Amino acid sequence: MPEALDLVDIGVNLADDCFDADREAVITRAVEAGVGQMILTGTTEAESEAVLRLAEQYPGVCYATAGIHPHYAKDYAASSLKTLKSLCLQPAVCAVGETGLDFNRNFSLPEQQEQAFAAQIELAAELAMPLFVHERDAGQRVFEMLKHYRDHFPEAVVHCFTAEKRDLYRYLDLDLHIGITGWVCDERRGAHLIPLLSEIPPGRLMLETDAPYLMPRDLKPKPKTRRNEPVNLVHICQRIAAHLNIAPQQLAAQTSANARRFFSLPGIQDANV
Ligand SMILES: [Zn+2]
């Protein structure tokens with residue numbers, strides 16, 4: 001029997017109310033399948049508090065980020081920074097974010113997004129914490145802003161990378177990490193990512209589901225729900241490993257080691273599962 005996978009899902013929106021009825025079961029399913037640790041994404045002040053509470057309920061398994069997503073940058077106020085900072089000082093919070101720029105839908109004005117992003121980069125620099133970055137149709141500005149501050153913040157991951165080779169190389173030039181989701185399993189819009197996978201240095205790659213979003217489109221049998229779950233990271237790992245022509249165990253070990261180093265997580269053998 002092949003050795004079990006040891007995976008870290010670096011992007012789970014576990015505070016989403018679609019998980020209210022069975023959150024415990026979702027976590028158990030993931031852990032039993034080998035997804036032993038997960039980073040819960042905070043996208044607003046309230047959600048950052050909610051994911052911290054969840055992380056505190058599942059020590060050693062769940063960790064949290066604290067940040068304001070570009071969609072909600074219009075809610076960013078002077079008091080936000082104080083709130084985020086106090087959250088970031090909690091031991092279960094392991095990154096600043098989700099922050100970044102999203103010019104695809106512009107739910108907040110670009111200038112509001114840039115203001116909130118700059119403040120969160122500065123917070124990461126001040127606290128010497130890694131950044132969890134979202135970028136959609138804003139590669140040029142995200143690159144410019146991260147470059148401007150690059151000597152000041154320790155690490156950043158561009159999560160759910162879906163852009164082009166030029167963007168990938170710009171991020172790698174800044175020595176950033178790259179998060180890959182089940183987008184790569186989507187034959188309609190993810191095919192361009194497949195040849196890029198081998199361009200990502202093994203030490204820079206991390207895996208994520210972005211659950212409940214981005215259900216892998218090639219799951220068999222086809223799920224009855226569109227709600228993605230961290231357990232599906234196993235499938236995503238298998239697909240990416242096949243594209244890279246390596247064993248899933250090897251990809252899991254490498255990307256989990258990256259995630260544990262990046263987010264300063266304990267190894268799974270130390271975790272209270
Ligand atoms: Zn995102």
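**Rings, a helix and a core**

User: What makes R189 count as lying over the face of W183?

Analyst: Happy to help! In this predicted model, R189 lies over the face of W183, at 3.7 Å from the ring centre. The cut-off for a charge over a ring is within 6 Å of the ring centre, together with a limit of 35 degrees from the ring normal.

User: Why is the pair of F161 and Y171 called edge-to-face?

Analyst: Their ring centres are 6.2 Å apart, and pairing needs centres within 6.5 Å. The planes stand at 90°, and edge-to-face means over 60 degrees, so the name fits. F161 sits in the loop between β6 and α6, while Y171 belongs to helix α6, 10 residues apart. Both residues are buried.

User: And what makes F262 and F263 an edge-to-face pair?

Analyst: Here the centres are 4.7 Å apart and the planes are at 70°. With a cut-off of over 60 degrees, that pair is edge-to-face too. Both F262 and F263 are buried.

User: How do you know that the span of helix α9 agrees with what is expected?

Analyst: Helix α9 has 15 residues, 248-262, and at 1.5 Å a residue it should span 21 Å, because the count used is one less than the number of residues. Its end C-alpha atoms are 21 Å apart, so the two agree. Among the buried residues of α9 are L251, A252 and T255.

User: What makes F153 a contact of L131?

Analyst: Contact means heavy atoms within 4.5 Å, and F153 is in contact with L131, as well as with others including I121 and L146. F153 and L131 are also among the residues with the most contacts inside the largest nonpolar core, which has 78 residues.

Notes:
Residues are numbered from 1 along each chain as its sequence is written. This is a predicted model: local features need pLDDT of at least 70, side-chain atom pairs count only at pLDDT 80 or more; totals for chains, interfaces and linings use all residues. Side-chain values use heavy atoms; hydrogens and water are left out. A nonpolar core is a set of buried Ala, Val, Leu, Ile, Met, Phe, Trp, Tyr and Cys residues joined through side-chain atoms within 4.5 Å. Buried means under 20% relative accessible area, exposed over 50%, partly exposed in between (1.4 Å probe, protein chains only). Helices (H or I, at least four residues) and strands (E, at least two) are DSSP runs, numbered from the N terminus. Rings of Phe, Tyr and Trp (its six-membered ring) pair if their centres lie within 6.5 Å; planes under 30 degrees apart count as stacked, over 60 as edge-to-face and the rest as tilted. Lists of a residue's contacts leave out its neighbours within four places in sequence.
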